[in-house]
Amino acid sequence: MTESAKRICILGGGFGGLYTALRLNSLPWSADNPVEIVLVDPRDRFLFSPLLYELVTGELATWEIAPPYAELLAGTKIRFIQANVEAVNQAEKQVQLGTGETLTYDRLVLAVGGETPLDMVLGAADHALPFRTVEDAHRLQGRLRELETTDADKIRVMVVGGGYSGVELACKIADRLGDRGRVRLVERADDILQTSAEFNRKTAREALSERGIWLDLETSVERIGADTATLTYRDQTDELPVDIVLWTVGTRVVPLLETMDLPRNERQQIQVEPTLQVVDHADIFALGDIVDCKDASGQQVPNTAQSALQAADYVGWNLWASLGDRPQLPFRYQHLGEMMTLGIDNATLSGLGLKLEGPLAHVARRLTYLYRMPTINHQVRVGLNWIQQPLRDLLSA
């Protein structure tokens, strides 16, 4: 970096971080206003998380949903560093990396995402599996393969949490295991998908029923053992045998953010202005799971991949504007609908006046996500593979 160049340091390479970096790379930086864009993430691959469920059933391969950063950022001005972030010195505007390198920044972007808490129930940390990363998916695949090779009559899987992740995961596992599967979905509330549109909720209930998935509503998990789980429904407590417990409940901020002096809400999320600058910290932007944001119209922005994608456009623009003495734009979130996978070749979709379910929704969901993948090159590679796959399946039949 030249002495005159400004450095933008982006911590976290998920939807918020990677797409912010790509947006910055596309903007017209002048020779009089040079900039260095640095993206830091502990992993070597980006994860297109809405398609993570397809790894469980083998519908998609890891390279399709988790391309390496080196591949995605080739030919850009973005410098990628694979490292853990040890600390941020806000006073000195420095980021300390686990590699020993220290990065000085002019602007900082916090997009580190959240993590799944496994300390909410006794035994969860030792015996439950989260489902948030590629490593989590591979761990689940390995455990399922082990069980599938045994002579056990039934494979018992409990999914904790009736939100989007829990419902999608339960349907995929049920389809993979078929008649051998005994899948149970546990939810503390009186219904699944509390924030979802009624059409999607109804379609999801039908998908769960068609697959024979037991749905335990108003039920809490008391403890998890090596091969048992204890559930309480009202005043009745039962200990049930299980082979796998998947934990999809909750999100908490990563430990790094707890060490930083930033305004937070009661859930420890960082409070940001509509410009996505941290309140009282104009040099720090934040987006994704870790933020509490009300947009320009005053609506609460949900912590979803969809909102992170939209926010990244604004963060990129506002970083460019803030370094060039231009006006910044307040974030205006647009809810474009929601999509869920509900088993193999099955999905539900609602939004923008459309309501689809079944194979047609599955195709629409795939095409939408293909369009949203981070680079044209990756879109083309994945798209061609999807087009050729039916032919390969036909030839191998």
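The following exercises, each with a worked solution, concern helices, strands and loops in a predicted model.

Residues are numbered from 1 along each chain as its sequence is written, and side-chain values use heavy atoms, with hydrogens and water left out. Because the model is predicted, local features need pLDDT of at least 70 and side-chain atom pairs count only at pLDDT 80 or more, whereas totals for chains, interfaces and linings use all residues.

**Exercise 1. Determine how helix 1 and helix 10 are placed against each other.**

Solution. Begin with the elements: helices (H or I, at least four residues) and strands (E, at least two) are DSSP runs, numbered from the N terminus. Two packed helices are described by the angle between their axes and the distance between the axes. Axes are lines fitted to C-alpha atoms, for helices over the stretch in contact, and angles run from 0 to 180 degrees between N-to-C directions.

Step 1. Helix 1 covers residues 15-26 and helix 10 covers residues 305-323; their axes are 8 Å apart, at an angle of about 40°.

Step 2. Angles under 35 degrees count as roughly parallel, over 145 as roughly antiparallel, 65 to 115 as roughly perpendicular and the rest as oblique. Helix 1 and helix 10 are therefore oblique to each other.

Step 3. The crossing of helix 1 with helix 10 is right-handed; this word applies if the near helix is turned clockwise from the far one by less than a right angle, and left-handed if anticlockwise.

Step 4. Contact means heavy atoms within 4.5 Å. The residues of helix 1 that meet helix 10 include Phe15, Tyr19 and Leu24, and their counterparts in helix 10 include Ala308, Trp317 and Trp320. By class, the residues of this contact are eleven nonpolar, three polar and two charged. Here Ala, Val, Leu, Ile, Met, Phe, Trp, Tyr, Cys and Pro count as nonpolar, Asp, Glu, Lys and Arg as charged, and the others, Gly among them, as polar.

**Exercise 2. Describe the packing of helix 6 and helix 7.**

Solution. Step 1. The axes of helix 6 (residues 134-148) and helix 7 (residues 164-177) come within 12 Å and cross at roughly 30°. The two helices, helix 6 and helix 7, are therefore roughly parallel to each other.

Step 2. Helix 6 and helix 7 cross in the right-handed sense.

Step 3. From helix 6, Leu140, Gln141, Leu144, Arg145 and Glu148 take part, meeting Leu169, Ile173, Arg176 and Leu177 of helix 7. This contact of helix 6 with helix 7 consists of five nonpolar, one polar and three charged residues.

**Exercise 3. Analyse the hairpin of strand 4 and strand 5.**

Solution. Step 1. Two strands pair if DSSP finds at least two bridges between them. Strand 4 (residues 85-89) and strand 5 (residues 94-97) have four bridges and pair in the antiparallel sense. Asn89 has Gln94 in strand 5 as its bridge partner.

Step 2. Four residues lie between the two strands of the hairpin. Lys93 belongs to this loop between strand 4 and strand 5.

Step 3. Most residues other than glycine have a negative phi, and most peptide bonds are trans. Lys93, although not a glycine, has a positive phi of about 55°. With a relative accessible area of 30%, Lys93 is partly exposed (buried means under 20% relative accessible area, exposed over 50%, partly exposed in between; 1.4 Å probe, protein chains only).

**Exercise 4. Work out the arrangement of the sheet with the order 13-14-15.**

Solution. Step 1. The sheet is open, has three strands and is paired antiparallel.

Step 2. Strand 13 (219-224) and strand 15 (236-241) each have a single partner strand and stand at the edges, so one side of each is left without a neighbour in the sheet.

Step 3. Direction ignored, neighbouring strands of this sheet are turned by 25° against each other on average.

Step 4. Five bridges pair strand 13 with strand 14 (residues 228-233) in the antiparallel sense. In this region Ser220 stands opposite Thr232 in strand 14.

**Exercise 5. Locate Ser30 and relate Ser30 to Gly324.**

Solution. Step 1. Ser30 is in the loop between helix 1 and strand 2 (35-41). Its relative accessible area is 37%, and Ser30 is partly exposed.

Step 2. Between Ser30 and Gly324 there are 9.5 Å in space, C-alpha to C-alpha, although these residues are 294 residues apart in sequence.
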